[in-house]
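Me: I would like to go through this structure with you, beginning with its overall form. Please keep the answers plain.

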Amino acid sequence: MIEKPARGAEEAYPQTDNHPCLGEKSFMEKAAKELEEIRSVIEARMRKIRRKILILSGKGGVGKSVVTANLALALALKHGEGRVGILDGDLTGPSIPKILKARGQTLRAGPPGIFPARGPLGIKVVSMDYLLPEDETPVIWRGPMKARAIMQFLSEIAWGELEYLLVDLPPGTGDEALTIAQLIPKVDGAIIVTLPSELSQLIVRKAISFCRRLELPVIGLIENMSGFTCPSCGARIDVFMRGGGEKIAEEMGVRLLGKIPLDPDLCKASDLGEPYVIAHRDRAAAQEFLKISDELERFFGRD
Ligand code: ADP
């Protein structure tokens, strides 16, 4: 019996009514078999990763990549060199290598597979950024090409032993996010990044529903850009409104893991590729990332 292929696979192996070389049935059988093989390779690759976490946002620009990178730094501080990895799943706007000053490296291949690049604290990074010849090169791919690239990333990267793999999903709940979420075996949970505003909450609902439909446990929400404290007078300004994270967490029955304030130094550090959580450890936002990493450890019963 042929099992129904995952969505990404349908796109990677488009159905055809009249394939020139094979009958329709044998073409589909071949595609399903190939997909099963890829799945088992991915599963074997990921067996040495203790925790696989997806980081989602309803839409772009809410700071998902910055949150992913800094959460990885906070976790790496706990677990040591080379124990945390990030898969930058944003194929069209990869930014993790820049935030972690891990650009310009080459993904080297060896007998076990392709080795990830390295960021601070030995954080292992895989990103489309390493495969683009120039900064200006856009990724103009249709769904099937993207699904192919994602499968290749997942099946060929030699992550080695990791405590945590954070997967920075493309913004939204579209094809790419779905393909990645379905191809990663035994995802431990998802974290959703949002802003405090009502507009963002609307979209967060979709992200939570996306996780529930895929039966991914929602670890919790992170409210980013949560207020700004004026460095001159100390007054708090709620640039993106206030209280949205608490409200949506309560309404949707999920935990609010933490609230990261707006900090111009966080933006600057991300531009410079400076590891914010380490370089500005005393700042409120850095403390919040560390607190969220404690929450994560507690979630997995490891405090
Ligand atoms: P996304 O991945 O959701 O598209 P990014 O992580 O690329 O968003 O962040 C968008 C911009 O906002 C970047 O310039 C980043 O440095 C900045 N940024 C994100 N979070 C904060 C914050 N808490 N304080 C200041 N700047 C932030």
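Me: What radius of gyration does the protein have, and what would a compact globule have?
Reply: The protein has 20 Å, which agrees with the value near 19 Å for a compact globule of 303 residues. The radius is taken over C-alpha atoms, and the globule rule is 2.2 Å times the number of residues to the power 0.38. Along the principal axes, the C-alpha atoms of the protein fill a box of roughly 75 × 40 × 40 Å.

Me: Where do the coordinates and the numbering come from?
Reply: This is a predicted model, in which local features need pLDDT of at least 70, side-chain atom pairs count only at pLDDT 80 or more, and totals for chains, interfaces and linings use all residues. Residues are numbered from 1 along each chain as its sequence is written.

Me: How many helices and strands are there?
Reply: The protein has 11 helices and 12 strands. These are DSSP runs numbered from the N terminus, with helices being H or I of at least four residues and strands being E of at least two.

Me: Which strands make up the open sheet, and in what order?
Reply: The sheet has 8 strands in the order β5-β6-β2-β7-β1-β8-β9-β12, with mixed pairing. Two strands pair if DSSP finds at least two bridges between them. At the edges stand β5 (117–118) and β12 (256–260); each has a single partner strand, so one side of each is left without a neighbour in the sheet.

Me: In what sense does β9 pair with β12?
Reply: Strand β9 (residues 218–224) pairs with β12 in the parallel sense, over 4 bridges. Asn224 stands opposite Ile260 in β12.

Me: Is β12 mostly covered or mostly open?
Reply: It is mostly covered, as 4 of the 5 residues of β12 are buried. A residue is buried if 20 or more other C-beta atoms lie within 10 Å of its own, exposed if 12 or fewer, and partly exposed in between, with C-beta atoms placed from the backbone.

Me: And how do β2 and β6 pair?
Reply: Strand β2 (residues 84–88) and strand β6 (residues 124–127) also run in the parallel sense, over 4 bridges. The bridge partner of Ile86 in β6 is Val125.

Me: On to the interior. How many residues are in the largest nonpolar core?
Reply: That core has 79 residues, and those with the most contacts inside it are Leu54, Ile55, Ala72, Val167 and Ile192. The largest share, 9 residues, comes from α3. A nonpolar core is a set of buried Ala, Val, Leu, Ile, Met, Phe, Trp, Tyr and Cys residues joined through C-beta atoms within 7 Å. Over the whole protein, buried residues make up 43% of the 303 residues.

Me: What does Ile192 touch?
Reply: Beyond its neighbours within four places in sequence, Ile192 is in contact with Leu56, Ser57, Val204, Ala207, Ile208, Val218 and Leu221. Contact requires that the C-beta atoms of two residues, placed from the backbone, lie within 7 Å.

Me: Which residues come nearest to the ligand?
Reply: Of the 19 residues around the ligand, Gly63, Lys64, Ser65, Val66 and Cys267 come nearest. A residue is near a molecule if its C-beta atom, placed from the backbone, lies within 6 Å of it.

Me: Which helices supply the shell, and how does it divide?
Reply: Helices α3 (64–79) and α9 (264–272) each supply at least two residues of the shell. The shell residues divide into 9 nonpolar, 8 polar and 2 charged. Ala, Val, Leu, Ile, Met, Phe, Trp, Tyr, Cys and Pro count as nonpolar, Asp, Glu, Lys and Arg as charged, and the others, Gly among them, as polar.

Me: Back to the backbone. What is the phi of Glu215, and of Met225?
Reply: Phi of Glu215 is near 60 degrees, a positive value in a residue other than glycine. Met225, likewise not a glycine, has a positive phi of about 55 degrees.

Me: Where are those two, and is each buried or exposed?
Reply: Glu215 is in the loop between α7 (198–213) and β9, and it counts as exposed because it has 7 C-beta neighbours inside 10 Å. Met225 is in the loop between β9 and β10 (228–229), and Met225 is buried because 26 other C-beta atoms lie within 10 Å.
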